[in-house]
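Student: I should like a close look at one part of this protein, its nonpolar core. Please set that part in the context of the whole chain.

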Amino acid sequence: MVARIASATGWPYRYVPETVEEAFARRWRLGVSGVQIESWISWYQAIASGELSAVTDVVPRITGSPATPAERAGWWPAPKTAL
C-alpha cells in the first residue's frame, strides 16, 4: 500500500519496520499521548497480522457509492508532516 500511495502522490513514502517498543518510543518523543500511541500501534498490529486485509462491501452498502481507491483519495499528508 505504501508503494501505491507513493506512486499516486509522487512523494517519497516508504515503509520502515519497527518493533512495538521502537514505535512507542518514537511517538512518545514527539509528545504524543500514551493512549493515542496505543491506538496507533494496535492498528499497525492488526494490519501486520492481516486482520484488516479483507475487502468488504461496507462502504457502498452504507454510502450508496463505491469506495475510493487509496491512490485517488487525495488526502495524504506531505512526507514527514504526519505523526
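Tutor: Helices (H or I, at least four residues) and strands (E, at least two) are DSSP runs, numbered from the N terminus. On that basis, the protein chain reads α-α-α-α along its sequence, with 4 helices and 0 strands. The model is predicted: local features need pLDDT of at least 70, side-chain atom pairs count only at pLDDT 80 or more, and totals for chains, interfaces and linings use all residues. Residues are numbered from 1 along each chain as its sequence is written, and side-chain values use heavy atoms, with hydrogens and water left out.

A nonpolar core is a set of buried Ala, Val, Leu, Ile, Met, Phe, Trp, Tyr and Cys residues joined through side-chain atoms within 4.5 Å. Buried here means under 20% relative accessible area, exposed over 50%, and partly exposed in between (1.4 Å probe, protein chains only). The largest such core has 5 residues: Ala23, Val32, Ile37, Trp40 and Ile41. Helix α3, spanning residues 34-49, contributes the most to this core, namely 3 residues. In soluble globular proteins, nonpolar side chains tend to be buried together.

As for the surroundings of the core, 13% of the 83 residues of the protein chain count as buried. The radius of gyration (taken over C-alpha atoms) is 15 Å for the protein chain, whereas a compact globule of 83 residues would have one near 12 Å; the globule rule is 2.2 Å times the number of residues to the power 0.38. Along the principal axes, the C-alpha atoms of the protein chain fill a box of roughly 40 × 30 × 20 Å.
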